[in-house]
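Hi everyone, thanks for making time today. I'd like to walk you through one model, so please have a look at it while I talk.

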Amino acid sequence: MGNNTLTVTDNRTGKTYELPIEDGTIRAIDLRKIKAGADDFGLMSYDPAYMNTAECKSTITYIDGDKGILEYRGYPIEQLAEHSTYLEVAYLLIYGDLPTKERLDWWTNRIKRHTFIHNNLIEVIQSFRYDAHPMGVLISSVSAMSTLFPEAKDVENPTVREKQIWRILGQIPTIAAFAYRHRIGRPFNQPDNSLSYTANLLYMMDYMHQRDYEVNPVLAKALDVLFILHADHEQNCSTATMRGVGSSRVDPYSSLSAAVAALYGPLHGGANEAVIHMLQHIGSVKNVPAFIERVKKGEGRLMGFGHRVYKNYDPRAKIIRKVAYEVFEATESNPLLEIAVELERIALQDDYFISRKLYPNVDFYSGLIYQALGFPIEYFSFLFAIPRAAGWLTQWVEMLNDDEQKIMRPRQIYLGASRRDYVPLDKR
């Protein structure tokens, strides 16, 4: 096999093994042939949090963390953010190529035909307390959709799958808007399908029957760019959850509900919320240097900096920084932006952060934009979930079509007690 192998010598037995190398990886199952004896199960790899384990082959999203590159289906995120729309990017993810005008019109119409939600689902949303966290409402609402559309269980049928994709992408913004209106005690605004995807969301949340109401196009465009940036991001926690739950062949609503639950966590979808709290805690530009020094002493955390994958400036953060200024020109200025800019300036010049490759990530500015758009902090993760649904569904379909995939079942290393016999209660 030439150079495309890895030679492993087991010093326990002196045996040598040749493991094939394919796409820069070895198959973990090939380690099983390395055994210390006839009764040995075979060698396994131990990889907490899957730091260096590829669980699938994918053609969707490419990331080079060292170079700060993010591409969807080969298209640089910078080009898509500048020239495309979220629905066009969603089509690209789902179908693999950018649509023609005719296909984009067809796709947009398919999504808009599914923006209205079932009356029973409205009752589910209304059953929550007014102060229920929006992510809890989303998790429950998407789960409930599996009972409203039982045909979705036929996941092996491409036609059935496609219709559920239209439904999910069309209805998640409506769920978001209704959850928000329920929270503030206002009547629901039904979708206006003459508007764009993001403008319709803003309309459903904001409209108070003003005579000359119009969605600010700058704000709708900014939200559209944010949606593009959040549409997919390779095998992150929530995407892996979508694939893992989906590997049992459950309906997409149940899988997506589980993915939303993973996103709910403060280390995932809640990171931009943490940035806002950090900036509020700093309070003023003059307090930034002292805060930086506390972070360097281990007395605090610099939220919105660093990333598991990116060891360079997050390409999404560069785009989002520009969008932030455009939004603040169209809205009231946010004093937190000045703190964020000064924090970024000092950190990017400090060897402490440079040596640790701690650069701003997408969460550093996204929360500021959401706040400027008028969204409560509790809704930031929801606004992450809306566009990420396209990525989750794309990954789900890819998993179903991958003949190598089976129901997910990771191994473990058992370190518990050795076999022991039961002792009756009165003798313990």
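Let's start with the sulfur atoms: the one in Cys56 has its closest cysteine sulfur in Cys237, 14 Å away, which is too far for a bond. Seen from the other side, the closest cysteine sulfur to that of Cys237 is in Cys56, again at 14 Å and too far for a bond. A disulfide is a covalent bond between the sulfur atoms of two cysteines. The cut-off I use for a disulfide is a pair of cysteine sulfur atoms within 2.5 Å, and the structure holds 0 of them. As for their surroundings, Cys56 is buried, with a relative accessible area of 16%, whereas Cys237 is partly exposed at 48%. Here buried means under 20% relative accessible area, exposed means over 50%, and partly exposed is in between, computed with a 1.4 Å probe and protein chains only.

A word on where the numbers come from. This is a predicted model, so local features need pLDDT of at least 70 and side-chain atom pairs count only at pLDDT 80 or more, while totals for chains, interfaces and linings use all residues. Residues are numbered from 1 along each chain as its sequence is written, and side-chain values use heavy atoms, with hydrogens and water left out.

Now to the charged pairs. Side chains of opposite charge can pair when their charged atoms come close. I count a salt bridge when a side-chain nitrogen of Lys or Arg is within 4 Å of a carboxyl oxygen of Asp or Glu. How many salt bridges does the structure hold? There are 16 salt bridges, and I'll pick out a few.

One of them joins the side chains of Arg129 and Asp131, at 3.0 Å from N to O. Arg129 is exposed at 57% relative accessibility, and Asp131 is partly exposed at 37%.

Another pairs Arg167 with Glu151, whose closest N and O atoms are 2.6 Å apart. Arg167 sits in helix α6 (residues 158-184) and Glu151 in the loop between α5 (134-148) and α6, so this salt bridge ties together parts that are 16 residues apart in sequence. For the helix and strand names, I take DSSP runs numbered from the N terminus: H or I of at least four residues for helices, E of at least two for strands. Is Arg167 buried or exposed? Arg167 is buried, with a relative accessible area of 8%, while Glu151 is partly exposed at 35%.

That brings us to helix α12 (residues 288-296), which deserves a closer look. Its buried residues are Val288, Phe291, Ile292 and Val295. They lie on the same side of α12, because they cover an arc of only 100° around the axis; the arc is taken from the directions from the helix axis to the C-beta atoms. What do these buried residues pack against? They pack against α11 (271-282), α14 (335-347) and α15 (351-355), where contact means heavy atoms within 4.5 Å.

The same helix carries a charged pair: Glu293 forms a salt bridge with Lys296, with the closest N and O atoms 3.5 Å apart. These two residues of α12 are 3 residues apart, so about one helical turn separates them. Glu293 is partly exposed at 37% relative accessibility, and Lys296 is partly exposed at 28%. Glu293 and Lys296 are also linked with Asp350 in a network of salt bridges. After α12 comes Gly298, with a positive phi near 80°.

Speaking of positive phi, which residues other than glycine show it? Tyr50 has a phi of about 55° although it is not a glycine, and Tyr50 is found in the loop between β2 (15-20) and β3 (61-64). Arg249, also not a glycine, has a positive phi near 70°. Arg249 is in the loop between α9 (237-246) and α10 (252-264), and is partly exposed at 29% relative accessibility.

Next, a polar residue in a helix: Asn200 belongs to α7 (residues 197-206). Asn200 is buried, at 6% relative accessibility. Leaving aside residues up to four places away in sequence, Asn200 touches Thr115, Pro191, Asp192, Asn193 and Leu195.Last stop, the surface: Phe41, Met44, Tyr46, Ile413 and Leu415 form a nonpolar patch with about 580 Å² of accessible area together. Patches take residues with over 30% relative accessible area and no salt bridge, joining like charges within 9 Å and nonpolar side chains (Val, Leu, Ile, Met, Phe, Trp, Tyr) within 5 Å. Areas come from the Shrake-Rupley method with a 1.4 Å probe, and for residues only the protein chains shown count as cover. Leu415, in the segment after α17 (380-400), is exposed at 76%. Thanks, everyone!
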